[in-house]
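Hi,

Here is the structure I promised to pass on. Have a look first, and my notes follow underneath.

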There are 2 protein chains.
Amino acid sequence: MDWPERFNDCSNNRLEDSEIAAIMRVAAAEEALSLAAGEPFAALYPVEHLRESFMRALSSDLPIWGYSNTRAGIPSLRKWIEEWMRSDGLLAEWVTSDNIFITNGSQEGLSLLSECFLDPGDAVLVESPSYPEAFGVFRKFGVECLSVPLLPDGPDVDAMEAILAKHKVKFFYTIPTFQNPTGFSTSDEKKRRILDIAKKHDFLILEDDPYRNLTFEGSPGGTYLHAAGDDERVIYLGSFSKIIAPGLRCGWVISPAPVTEKLIKLRVMGTLCLPELLQNAIMDFVSGIDLPKHLEALSDTYRGHRDALILALREHACPEGLEITTPGGGFFLWGRVPWIRDMSEFAYFAIRNGKVAIMPGDIFFPENGQGIDTIRLSFSKVIPAMAEEGAKRLGEALRKFRIVQEEKKSE
Amino acid sequence: MDWPERFNDCSNNRLEDSEIAAIMRVAAAEEALSLAAGEPFAALYPVEHLRESFMRALSSDLPIWGYSNTRAGIPSLRKWIEEWMRSDGLLAEWVTSDNIFITNGSQEGLSLLSECFLDPGDAVLVESPSYPEAFGVFRKFGVECLSVPLLPDGPDVDAMEAILAKHKVKFFYTIPTFQNPTGFSTSDEKKRRILDIAKKHDFLILEDDPYRNLTFEGSPGGTYLHAAGDDERVIYLGSFSKIIAPGLRCGWVISPAPVTEKLIKLRVMGTLCLPELLQNAIMDFVSGIDLPKHLEALSDTYRGHRDALILALREHACPEGLEITTPGGGFFLWGRVPWIRDMSEFAYFAIRNGKVAIMPGDIFFPENGQGIDTIRLSFSKVIPAMAEEGAKRLGEALRKFRIVQEEKKSE
């Protein structure tokens, strides 16, 4: 069978390999100490509470075994999300639970929204760097990702205006709070400027906000959704993956009614419905716990991980040229090693020769050849006792890599 | 906001409403006795066993809370499916568990396979009548559904050849066993002829087979997958929805390795991964029960439902002109009422004036205006005690509708 002749244009030409997954596979095979994983610390999954919530949902009379009647997700959970986000001041006035659509994680939200809006030849704005599996979804639809450089206080609005002078875009995809991979947050002032630009150039904003509740200091800032008010151009993506557990596969999209209607049709065609058991267990969980306390405990632990890793890196890896920033929340440290000319090469070198895994920063840039000296380090799963060993291995790997590079040069 | 200007071509022009869902909504609102639902009988969900399986999965050390490492589904369940289907003689030699890809129900399989193969302007062959949510998926990709009339022993191969003389098609979508909506099964002889045609005209076969294990008499026949042998042109879709519970959202796709690789990439872009808890609970369930006995019990009950409904219809509705066939398994009776010129009109009339819901057959035809006198009746959820009342209501609705029609004519 000549499969490429049968596959369509998308599967032949527009399906990218996940570079993150490729590195994680090699890291696992080599049993490297991982500073690379972008997932929560497993010890923080509230397993006992979740078990109880599942058992209650399983023993209830809820209609969990049949096809779901609610293609958008169970009403109780959508209502709960509405009330929770409203009490945190994150919603626009127009949002009701009818505008909330439950997804199999935010990735499904990104995918369905792309399916709803994107035609081949369209362009979208993305932060540079940003989450590469989002670029992958957009590009699957034959769309160009235009790069807006991300600064510590948010996207470079002058660069954004320069792009918009030349291109019409469908939307701007942004992770405004403790961004992946940088940990940067967009200031509220900048959010307002970007909303003005969005209005002027008439594009939508996709606000992907999974890290907001993991704030270590101060406030995570407001949402674009709230700041936009009556202007219904912000579509918000939330997730329980980082604050409860990603295995529950539960996120949500908040969108104006005409968009939600399309999402429901796309859901029917794509999967008919999602399993209600999971949504009911989450509903039981969130309504039964002290959520602020739970989120504070998560933030306390992750803050401790961040601080221990930064301390250890300063001692063992910064002397080898690593420069890092200190994020106010989330999972990630962003940095660079100015003397490295190919961080992906170093990543594989470090796994194989130093038994330590890092994520090369270049894979987070929409264009090839950018950010070749940048690096993402994740502290989420790195307990303080591992931080010291991880930083030592990273420092040692940098030292060895520099020697190899210098030997190459002198050849 | 002018949303249609923002939506893409697909969401503006190629997203169909589900006519099945529309009728079910009205039927529910009117509290009609339903002979329309295409879902299992809830009393047959093995709830006690499933609860135990979930509790074991929840109490285990299985990695159910994090992101799944196995984008294709958990290895144990894929292995179990391989062994089960092989022992039933349903697989081709080339199939291993690596070719099995777990889905959120067969709808996700149809959707991902469409995403893999279909470009706008392509054509596919479908049975006429067949499952309309499959047409909806194919058409979402801008594809034409070419109708092959379905006869009681399977597709009309002469009609198929006539279409293929004029059109190149990507695949033939077929439900070979106790088809929805007809209950017809394709004979093994015809499967072989169709495989020859597929080879000659070089298209794939998508074999959607969720009803196979609900056989009331004799054998459900073999699979295209097995009959094709080394010729890797059959992609098989299986499902636990009809034999365990649809709320588990678990089906599977069996495909050659190059296709499975694409499905995995499409999974990552679409949802990252599915919730492993459900797969682990299903694995516990299927390995802990006497499956043949479970399937026999289901078939016994559904056979009783079929027989009671047929008996009641013969007494109360056939005298009003209903003609029905007797399926050897599955959920559905297929029939016609020759004097009716618009079954959809009758369906809404029957719900509102007779408090009984049926599924008009015309919505199962790929082209408008076909099968206007056809009807699908589902016995799956109709217990014998309801069958009598349902048949009476249907007979009465037919009688009233005929009077209304005759009055209209004489006006």
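Is the crossing of H5(B) and H12(B) left-handed or right-handed? In this predicted model, the crossing of those two helices is left-handed. Their axes come within 9 Å and cross at roughly 40°, and H5(B) covers residues 75-87 of chain B. The two helices are therefore oblique to each other. On the H5(B) side the contact is made by B:Ser76, B:Leu77 and B:Trp80, while H12(B) brings B:Gln279, B:Ile282, B:Met283, B:Val286 and B:Ser287. By type, that contact has five nonpolar residues, three polar and no charged.

Now for the two chains together. Their contact takes 61 residues from chain A and 61 residues from chain B. Several helices of chain B supply at least two residues each to the side that touches chain A, including H4 (47-59), H6 (105-117) and H12 (276-288). H11(B) gives the most, with nine residues. That side of chain B splits into 33 nonpolar, 13 polar and 15 charged residues.

As for symmetry, a turn of 180° with a shift of 0.0 Å along the axis lays chain B on chain A, at an RMSD of 0.0 Å. The two copies are thus related as by a two-fold rotation axis. In chain B, the C-alpha nearest that axis belongs to B:Met55, 3.5 Å away from it. The interface fits in here too: 100% of the interface residues of chain B are also interface residues in chain A, so the copies meet through the same surface.

Cheers

Definitions and conventions:
Residues numbered from 1 in each chain as written. Chains lettered and ligands numbered in written order. Predicted model: local features only at pLDDT ≥ 70, side-chain atom pairs only at ≥ 80, totals over all residues. Contact = placed C-beta atoms within 7 Å. Helix = DSSP H or I, 4+ residues; strand = E, 2+ residues; numbered from the N terminus. Nonpolar A, V, L, I, M, F, W, Y, C, P; charged D, E, K, R; others polar. Least-squares fit on C-alpha atoms with pLDDT ≥ 70 in both. Axes fitted to C-alpha atoms, helices over the stretch in contact; angles between N-to-C directions. Parallel < 35°, antiparallel > 145°, perpendicular 65-115°, else oblique. Left-handed = near helix turned anticlockwise from the far one by under 90°.
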